[in-house]
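User: I should like to learn how to read packing and burial in a protein model. Could we work through some cases, beginning with a single residue?

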Amino acid sequence: MKNQLNSFKSDNSEVESNLNVVHTKHHDIPGSLLYSFTRYHTTHPIQIDESVVMKYHFDQINSPNNCFELRFCITSNRYCTQKDCQECDKSTTKNCFYQLQAVDVFIFRFSATFLTQFTQNVKLQDQKDEVLAFKYPFSFTRTFPLCSRKRHTLEGLFNHNFTGCLENIFINAKIQELLLYTLDCLSNDKEEGFSCKFLDNQSDREKIINAREILLQHIGNPITIKELSRKVAINECYLKKGFKEIFGTTIFEFYQQQRMEHAKYLFYNKGLSVTDVSFLLGYSSISHFSTAFKKHTGLKPCELLNPLT
């Protein structure tokens, strides 16, 4: 379901033209919890799989950015446009004339601070515990099918009559249910095993992790895969396959993403010029940097520059 959830908030006019927002709720507690759920009425069928996306982001160096995210998309729901609909009060609602097709999108982002409450004074026993405590050392993204109990919990976020403080209690309870049910789908890596058998060897896994650290150290001084493989003492084929499996992305994609994120930092926080940033990141020309930056962010570097600098 790659990029499917994000497409609802993109500038894709073809998708947007088929969606009308019916209801939306957004709440952000800085450094703790963010949730957002939106119901759309769709005028045309949208081909999107109903799935759950789990994202675990772990950065040992920049720990404040660590987060655990859940994304859900339901395309088969219907909603009634009329309050106190007599047909919808019946056991079957198929005959309701006012029911329309809905697409429901949910996003939940948990910080390490929020999840710590569940791990205090608890001995960590498996990957699920390590994820909650942010002790699991690898970022990952997993996709699961949407089971009936998750669907029922999500539907409750739209279909309730609570208001004010009671609504907050209800939503928080539902969010914890979703967290429980989704983590319950997460199997241990020891149980699943690696598709790259050489990763069963801890020494080889550490070499892949070390390769990532070396890439981060060479943000402004590009290093080839051949050079990287020599530094970590593993052949290029194993390095590329192992990196992809552990971190869920290719070496090149990871390196480019990190460079562009650092570029944004230099623009926003340091107020540097396009020339300076392209030089610091090791680009041979401003045009090459600008092309890479736009491909990653969708913006030209000049569009991020502070007009006062």
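Analyst: Let us begin with His218, in what is a predicted model. The relative accessibility of His218 is 17%, and buried means under 20%, so His218 counts as buried.

User: Where is His218 placed with respect to the helices?

Analyst: His218 sits in the loop that lies between α7 (202-217) and α8 (225-232).

User: Which residues does His218 touch, setting aside those up to four places away in sequence?

Analyst: With those set aside, His218 touches Ile223, Lys231 and Tyr255. In addition, a polar atom of the His218 side chain lies 2.9 Å from the backbone oxygen of Ile214.

User: How is the packing of two helices described in general?

Analyst: Two packed helices are described by two quantities, the angle between their axes and the distance between the axes. In the present case, the axes of α7 and α8 come within 9 Å and cross at roughly 125°. That angle makes α7 oblique to α8, because it falls outside the ranges for roughly parallel, roughly perpendicular and roughly antiparallel. The contact is made by Lys207, Asn210, Ala211, Ile214 and Leu215 on the α7 side, and by Leu228, Lys231 and Val232 on the α8 side.

User: Is the crossing of α7 and α8 left-handed or right-handed?

Analyst: The crossing in which α7 passes α8 is right-handed.

User: Turning to strands, which strands does β3 pair with, and in what sense?

Analyst: For a strand, one reads the partner, the sense and the bridges. Strand β3 (residues 51-57) runs antiparallel to strand β7 (residues 140-145), and six bridges join them. Within this pairing, Met54 has Arg142 of β7 as its bridge partner. Strand β3 also pairs with strand β4 (residues 67-74), in the antiparallel sense and over six bridges. There, Lys55 has Glu69 of β4 as its bridge partner.

User: How many of the seven residues of β3 are buried?

Analyst: Five of the seven are buried, and β3 is thus mostly covered.

User: For a last case, what is the relative accessible area of Ser278, and where does Ser278 lie?

Analyst: Ser278 lies in helix α11 (residues 274-280). The relative accessible area of Ser278 is 4%, so Ser278 is buried. Leaving aside neighbours within four places in sequence, Ser278 is in contact with Tyr283, Ile286 and Phe289.

User: How far apart are Ser278 and His288 in sequence and in space?

Analyst: Ser278 and His288 are 10 residues apart in sequence, and their C-alpha atoms are 8.5 Å apart in space.

Key. Residues numbered from 1 in each chain as written. Predicted model: local features only at pLDDT ≥ 70, side-chain atom pairs only at ≥ 80, totals over all residues. Heavy atoms only, no water. Helix = DSSP H or I, 4+ residues; strand = E, 2+ residues; numbered from the N terminus. Buried < 20%, exposed > 50% of the residue type's maximum accessible area, 1.4 Å probe, protein only. Polar contact = N/O pair within 3.5 Å; in protein donor to acceptor, adjacent residues only side chain to side chain. Contact = heavy atoms within 4.5 Å. Pairing = 2+ DSSP bridges. Axes fitted to C-alpha atoms, helices over the stretch in contact; angles between N-to-C directions. Parallel < 35°, antiparallel > 145°, perpendicular 65-115°, else oblique. Left-handed = near helix turned anticlockwise from the far one by under 90°.
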